[in-house]
Amino acid sequence: MRITSALVDPALLDLPWHLPLEEWPTDRLVALPQGISRHIVRFVKLNDTVYALKETRERIAEKEYDLLRALERINFPAVEAVAIVADRVDDLESVLITRHLQFSLPYRALFSHVLRPETMNRLLDALAALIVRMHLTGFSWGDCSLSNTLFRRDAGAFAAYLVDAETGNLHPRLSEGQRSEDIEILRLNIFGECLDLQAAELLHEAIDPETVVDDIVARYERLWHEVTYEQEVPRDARHDIEGRIRRLNDLGFDVAEVSLSTVDGGYRVRPKVVDAGYHTRRLMRLTGLDAEENQARQLLNDLDTYRAESDLTDEQQAAHRWLTEAFEPVVRAVPTHLRRKLEPQEIFSQIIQHKWLLSERAGRDVGMGPAVQSYLADVLVHKPDEQAVL
């Protein structure tokens, strides 16, 4: 047996690699929701870390391992590759090991009941944003689908993560043909997944699979156009350039540079968008908190409100005080047995929304303390555990 790993966990050596994954004893496994896969996939817990193990051919495992490592280096939202186990006895297939993404679920596991239109819309938004980010980095997926994606809650929306890269390829830049091929594959796969949900009576009667397919492609094309199109602005409307950059930032994308060329009566503007994560990186820089993009946007809004109310001019000082006086007390107020429900950043985001709703009903600001207690007692206690159902 041979293990190739960027960070070896010695406990991996104790697993029963002489057996096919399908025959591993249940005392070695943890039960987690998983998506549809053409491979045998199992989950194990070693030293408080959960790993996903996928049995596949060695060449495919090596390619996917290298791709996931490359995506990790450019901070792309994908699962983390840990190791490859090869040269197993009796010509057993190789195993790709990835780290399980905490608080994430496959799309089918999100719905124990009927998938409603508003939830489908949020999933499609997250998937469209993921594919735009992917194509901006030069990555062609080759198997775009909901099944190959993991979703984490993100302040009322979802954040999508790539979980299966075995059909992908990383290029310096994608051609229009490569991009179009990915979208056609997406169209076919989404249609099949919607039919599957429909057959299982998990799709709301108002959702039409053909409409969903057209919708996801339209969402992708709108977002792709916004981050890539060349804009012509008059010479006396230079503020439009700043407005374009602000719109891209609001969508979560960073602009590395702006290309300007003169045309009759104005300028042709093309921003170079490097990646999403504008608010995530700003929150990390100010507070050290790692959050999804919508969570980060909401936490930054709360930070800006705190800064204005405290009359603080220094951004770093305000961020430090907000972290110690606003964020951390709320997180500490969550009882230990409820902390597996949602991650801290999502809990804080939901409490902000809950406080706003309570204040609207009361016609006054109810304050953070009562909002926290109300949220814990009336909302969080009824949510399922999403960290890991071990």
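Outside its neighbours within four places in sequence, Gln345 makes contact with Asp290, Ala291, Gln295, Leu299 and Phe327. The model is predicted. Gln345 sits in helix H9. Its relative accessibility is 10%, so Gln345 counts as buried. The cut-off for buried is under 20%.

Phe327, one of the contacts of Gln345, also takes part in ring pairing. Aromatic pairs were counted among rings with centres within 6.5 Å. By this rule, the count is six aromatic pairs. In one of them, the ring centres of Phe327 and Phe348 are 5.1 Å apart and the planes meet at 50°, so this pair is tilted. The pair links distant parts of the chain. Phe327 belongs to helix H8, which covers residues 315–332. Phe348 belongs to helix H9, which covers residues 344–362. The two residues are 21 residues apart.

Both partners have computed accessibilities. Phe327 has 5% relative accessibility and therefore counts as buried. Phe348, at 1% relative accessibility, counts as buried. Ring pairs extend to Trp322, linking Trp322, Phe327 and Phe348 into a cluster.

Another pair can be described in the same terms. By the pairing rule, the total is six aromatic pairs. The rings of Phe151 and Phe158 have centres 6.3 Å apart, with planes at 75°, so the pair is edge-to-face. Phe151 and Phe158 are both buried.

Key:
Residues are numbered from 1 along each chain as its sequence is written. This is a predicted model: local features need pLDDT of at least 70, side-chain atom pairs count only at pLDDT 80 or more; totals for chains, interfaces and linings use all residues. Side-chain values use heavy atoms; hydrogens and water are left out. Rings of Phe, Tyr and Trp (its six-membered ring) pair if their centres lie within 6.5 Å; planes under 30 degrees apart count as stacked, over 60 as edge-to-face and the rest as tilted. Buried means under 20% relative accessible area, exposed over 50%, partly exposed in between (1.4 Å probe, protein chains only). Helices (H or I, at least four residues) and strands (E, at least two) are DSSP runs, numbered from the N terminus. Contact means heavy atoms within 4.5 Å.
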